[in-house]
Amino acid sequence: MMESKTPLFSVVVPVYRCARALPELCRRLREVLAPLDAHFEVILVDDASPDGAWPAIRAEAEADGRFKGLRLSRNFGQHYAITASLEHAAGEWVVVMDGDLQDRPEEIPPLYAKALEGFDIVLAQRLARRDSLWKRLTSTAYYRVFGYLTGTVQDPSVANFGVCRRRVVRAVLAMGDHVRYFPTMLQWVGFRRAVLPVLHEARAEGRSAYTLGRLFRLAFDNIIAFSDKPLRLTVQLGMLICALSAVLGVVFLTLY
């Protein structure tokens with residue numbers, strides 16, 4: 001039996017509509033992480049996945065004590081699942097990745113090596129995304145609108161996949177925001193960061209949970225939470241309407 005020890009790595013994986021990919025994901029994580037840290041932990045978060053992911057998560061946890069399951073009471077969404085699991089992560093370095101195998105476990109060592117150059121956060125940059133055309137178009141539109149209205153730099157090739165130090169995780173959790181969007185929270189807390197080009201694979205199982213409507217709701221919630229620009233634009237529009245009304249009133253009185 002493996003002695004109890006604080007892990008160097010905690011890997012956080014929100015699970016939704018990818019239950020059949022979990023055995024392969026866990027196998028590859030073992031192969032990649034064991035040479036780096038024999039005491040690693042992987043936290044698999046069942047975000048009320050409709051494909052019955054919990055039995056698969058329990059099976060992995062029972063077979064290997066380094067794998068842990070966290071089951072949410074309902075579907076809260078990917079970013080809430082990530083932050084919920086961060087509260088249970090004990091590693092000095094925390095990896096966040098998707099469970100559908102688009103984020104390759106084999107990229108973790110290069111991300112970690114880049115972090116050791118002196119970075120607190122290293123995010124994966126998907127230079128050749130293996131998504132459908134519709135997914136790429138809606139994602140690009142979302143990031144452009146979100147970046148404009150929040151005044152932040154948003155890169156569609158960078159998402160959640162990456163590695164960060166424990167102090168970054170503590171800072172993210174200390175925010176305590178009701179609305180949670182992990183990439184923007186990482187930007188908000190600061191720290192030295194870098195991006196690293198990685199390979200991106202096609203989705204191995206299921207389909208994306210981000211419909212156009214869900215992306216719109218996500219954008220709306222986060223724009224309101226992270227920016228006052230919509231409020232300022234509304235005030236400016238109101239002032240413009242008032243000014244135009246006043247001008248039209250003067251014109252009307254002059255003519256009639």
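1. Phe9 and Tyr112 are both buried. This is a predicted model, and the points below should be read with that in mind. Three aromatic pairs turn up in a search of the whole structure. Phe9 and Tyr112 make an edge-to-face pair, with 4.8 Å from centre to centre and 75° between the planes. Phe9 belongs to strand E1 (residues 9-15), while Tyr112 belongs to helix H4 (residues 108-115). The two residues are 103 residues apart, and their pair links distant parts of the chain. Trp93 joins this group: Phe9, Trp93 and Tyr112 form one aromatic cluster.

2. Now take a second pair, Phe40 with Phe67. Its geometry is edge-to-face, at 6.0 Å centre to centre and 90° between the planes. Phe40 lies in the loop between helix H1 (22-33) and strand E2 (41-46), and Phe67 lies in strand E3 (residues 67-71), so the pair ties together parts 27 residues apart in sequence. Are these two rings buried or exposed? Phe40 has a relative accessible area of 1%, so it counts as buried. Phe67 is buried too, at 2% relative accessibility. The cut-off for buried is under 20% relative accessible area.

3. Two arginines deserve a look. The charged end of Arg74 sits over the ring of Phe76, and lies 3.9 Å from the ring centre. Arg192 places its charged end over the ring of Phe119, at 4.4 Å from the centre.

4. How many disulfides does the structure hold? The count is zero. Look at two of the cysteines. Cys26 is buried, with a relative accessible area of 0%. Cys164 is buried as well, at 4%. A disulfide is a covalent bond between the sulfur atoms of two cysteines.

5. Why is helix H3 (residues 78-86) described as largely enclosed by the rest of the structure? The reason is that eight of its nine residues are buried. The buried residues in H3 are Gln78, His79, Ala81, Ile82, Thr83, Ala84, Ser85 and Leu86.

6. Next, the empty space inside. There are two cavities of 30 Å³ or more. The second largest cavity holds about 30 Å³ of space. Its lining consists of Val94, Val96, Ile121, Leu123, Asn160, Gly162, Val163, Cys164, Phe182 and Leu186. Cys164, one of these lining residues, is the buried cysteine from point 4.

7. Which elements build the lining of the second largest cavity? Strand E4 (93-96), strand E5 (121-126), strand E6 (158-165) and helix H7 (182-189) each supply at least two residues. E6 gives the most, with four residues. By character, the lining of the second largest cavity divides into eight nonpolar residues, two polar and no charged.

8. Finally, find Glu201. Glu201 is in the loop between strand E7 (193-198) and helix H8 (212-226). Glu201 counts as partly exposed, because its relative accessibility is 23% and the partly exposed class runs between under 20% for buried and over 50% for exposed. Where does Asp103 stand relative to Glu201? Along the chain, the two are 98 residues apart. In space, their C-alpha atoms are separated by 6.8 Å.

Definitions and conventions. Residues numbered from 1 in each chain as written. Predicted model: local features only at pLDDT ≥ 70, side-chain atom pairs only at ≥ 80, totals over all residues. Heavy atoms only, no water. Disulfide = S-S within 2.5 Å. Buried < 20%, exposed > 50% of the residue type's maximum accessible area, 1.4 Å probe, protein only. Phe/Tyr/Trp six-rings, centres within 6.5 Å; stacked < 30°, edge-to-face > 60°. Lys NZ or Arg CZ within 6 Å of the ring centre and 35° of its normal. 1 Å grid on protein atoms, 1.4 Å probe; cavity = no way out; pocket = protein on both sides within 12 Å on 5 of 7 lines; lining within 4 Å. Points joined across faces, edges and corners; volume = space filled by probe spheres on them. Nonpolar A, V, L, I, M, F, W, Y, C, P; charged D, E, K, R; others polar.
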